[in-house]
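Me: I would like to go through the labels used for this structure and see what each one rests on. Please set each value against its cut-off.

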Amino acid sequence: MADDSIAVVDLDRCQPDRCNYECANFCPPNRTGEECIVTREDRFEDDEYYAGGADQISISEELCLGETCGICVEKCPFDAIEIINLPQELDEEPTHRYGENSFALYGLPAPQEGRVTGILGPNGIGKTTAVHALAAEITPNLGRFQDEPDWETVLEAYRGTELQEYLEDLKEGEVTVARKPQYVDRIPDTFDGKTSELLSGVDERGVADDLVERLGIASVVDQPIDTLSGGELQRVALAATLVRDADFYFLDEITPYLDIGQRVTAARLVQELSADGRSMLVVEHDLAVLDLLADALHVAYGEPGVFGVVTPPKSTKAGINEYLKGYLENENMRIRPEAIEFEEHAPRSEGYGDTLVEYPELTKSYGDGEFTLAVDAGEIRHNEVLGIVGPNGIGKSTFAKLLAGRLEPDGGDFDVDLDISYKPQYVEIDRQMRVDSFLRSITDEFGTSYWNTEIAGPLQLDRIMEQNLTDLSGGERQRVAIAACLSRDADLYLLDEPSAHLDVEQRVLATRAIRRYTETHDKTAMVIDHDIYMIDLLSDRLQVFEGTPAERGHAGRPMGMREGMNTFLANLDVTFRRDERTGRPRINKPGSQKDREQKREGEYYYAPTDGE
């Protein structure tokens, strides 16, 4: 194979007991007597390289003809093989490779002292691998996975680069690091105790009490970790990281499960710690938050699950704009066939479709002294997407369950004959069933050209169809749950936080799938989400929830986007503007001239002429 190509075999998908080794039998080098594609047992003497199984295949990158051939890719019945040409500009060795025919990472972000550095890129592109390397949890092997280099060799490879001094200090133990994990829902699997015990055990700076107050987790301090919600776990994980006395903090996704107000609070905490001389590296998919907190930005691109490339640092504004445009200017690299655009979407003019359902004033209480929700009378219209926004713990999911018939109201007579398809906030899948079998059990349209084009394609389900539901990642489970919700025949589609665990591209594609489905089928959707970009792209109208989290909530009537967003953002004391080049939403710096001007005018959701 040419030096600029890579072969990757997905061992989770390679199933030699269910095929006839078509990849090897049709491989041109194999047919001339070469051993390009053989079993892993034949290739390796050491059992550790059998990985998923001795009968699974190994591809020789030296003998492979590269992407110009691609016969094995086409012949594999399980889509387990990728042959990819690397960018021509990529003339360096990998920073890290996990093994034969495995994912390869090129480049590392450079933590900068006293600054917040962001990393932006799709899932499966190596961002977390980069964090593990910089946090000394793995040693970069420079692609030499069979004969791993020692630290001196690694340091020599980075001599003269921005990373040289950092890696030298890391090797000598002269730099301390603290890392917040990506998947906070796994914390109860590794820690058995109360929140207070977790924080006190790592509070090296004596700031736990302050962080508990700032992050709003005082009510859960005395609770066992395994009783906390996703949003509570996220804030506890952030507090447990920031209380450490470290030189560098690595924060792997700080926004999942958090509402917009909590996201802004987390961003401001990170900024304050940076201003105090600490260094922060943040992996994040919420562009508004990343834009608010990052001083510089690395873009990660490539082929998810195959290879990833981390660019040199860019300004945050330029990095996000180039990422949305799909073209990296300094690298002269096209990373997406089309741009992600915002100008044509929002703020939308209010639609006037026929009424799908009217609902009266409703109340729901969970008991004396417990949370209570009051809902104003309103209506939901045919063929609209109604966005639902508000803090966590304010009753949004309760309202969705009332509409879906999963809860009975305490006050108000609501008995409507509607078929409702509901995707819950937390996607818990414990069925030992393949993805394709699960979705086929939901709809007769499974596998049709329409279903493949409008649902499976945008939600990127093709490569996970033969996987078991229990083996899926958080993002994969989310996409399957969205597909299942849209595949049911219903009058109203309720989707609770569909953006969770999805990267930027996946959020945009999911948004398009939801939007297009409502338009082509004359259907109505209600979407609860905390990602302003997704709400901005998706919604025709908005319903705002207010009140005191965990105590009382109030749901106002659905209203137009500008009125709704102005109400919502005023409660948060946050203003948004549109980027002059891309039209994307951007959070104004608190106290900036733009922030003060919009607040004086009462226009928290863009100025009337901003981006229109």
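**Labels and their grounds**

Reply: The model is predicted. A starting point is Glu454, whose side chain makes a polar contact with the side chain of Arg516 at 2.4 Å.

Me: What makes the pair of Glu454 and Arg516 a polar contact?

Reply: The limit for a pair of N or O atoms is 3.5 Å. The side chains of Glu454 and Arg516 are 2.4 Å apart in this contact, so the pair counts as polar. Apart from neighbours within four places in sequence, Glu454 is in contact with Ala513 and Arg516.

Me: Where is Glu454, and is Glu454 buried or exposed?

Reply: Glu454 is in helix α17, residues 449–456. Its relative accessible area is 13%, and buried means under 20%, so Glu454 is buried. As for Asp529, 75 residues from Glu454 along the chain, the two C-alpha atoms are separated by 22 Å.

Me: How many aromatic pairs are there, and why is the pair of Phe446 and Trp451 called tilted?

Reply: There are 6 aromatic pairs. In the pair of Phe446 and Trp451 the ring centres are 4.9 Å apart, and the cut-off for pairing is 6.5 Å. Their planes stand at 50°; stacked needs under 30 degrees and edge-to-face over 60, so this pair is tilted. Both Phe446 and Trp451 are buried.

Me: What makes the pair of Tyr493 and Tyr517 edge-to-face?

Reply: The angle between the planes is 80°, with 5.3 Å centre to centre. Edge-to-face requires over 60 degrees, so the label follows. This pair links distant parts of the chain, with Tyr493 in strand β22 and Tyr517 in helix α19, 24 residues apart. Tyr493 has a relative accessible area of 0% and Tyr517 one of 7%; the limit for buried is under 20%, so both residues are buried. Elsewhere, ring pairs link Tyr359, Phe399 and Phe545 into a cluster.

Me: Why is Arg336 said to sit over the ring of Tyr323?

Reply: The charged end of Arg336 is 5.1 Å from the centre of the Tyr323 ring. The distance limit is 6 Å, with a further condition of 35 degrees from the ring normal. Lys364 lies over the face of Tyr366, at 5.8 Å from the ring centre.

Me: How do you know that the span of α21 agrees with what is expected?

Reply: The expected span is 1.5 Å times one less than the number of residues. For the 12 residues of α21 (561–572) this gives 16 Å, and the end C-alpha atoms are 16 Å apart, so the two agree. Buried residues in α21 are Met561, Gly564, Met565, Asn566, Phe568 and Leu569. Elements covering them include α12, β20, α20, β24, β26 and β27. After α21 comes Asp573, whose phi is positive, near 60°.

Me: Which class of accessibility do Asp79 and His501 fall into, and why?

Reply: Asp79 has a relative accessible area of 36%, which lies between the limits of 20% and 50%, so Asp79 is partly exposed. His501 is at 16%, under the 20% limit, so His501 counts as buried. Asp79 is in the loop between α4 and β4, and has a positive phi of about 50° although it is not a glycine. His501 is in the loop between β22 and α19, with a positive phi near 70°.

Technical notes:
Residues are numbered from 1 along each chain as its sequence is written. Side-chain values use heavy atoms; hydrogens and water are left out. Helices (H or I, at least four residues) and strands (E, at least two) are DSSP runs, numbered from the N terminus. Buried means under 20% relative accessible area, exposed over 50%, partly exposed in between (1.4 Å probe, protein chains only). Contact means heavy atoms within 4.5 Å. A polar contact is a pair of N or O atoms within 3.5 Å; within protein, one must be able to donate a hydrogen and the other to accept it, and residues adjacent in sequence count only if both atoms are side-chain atoms.
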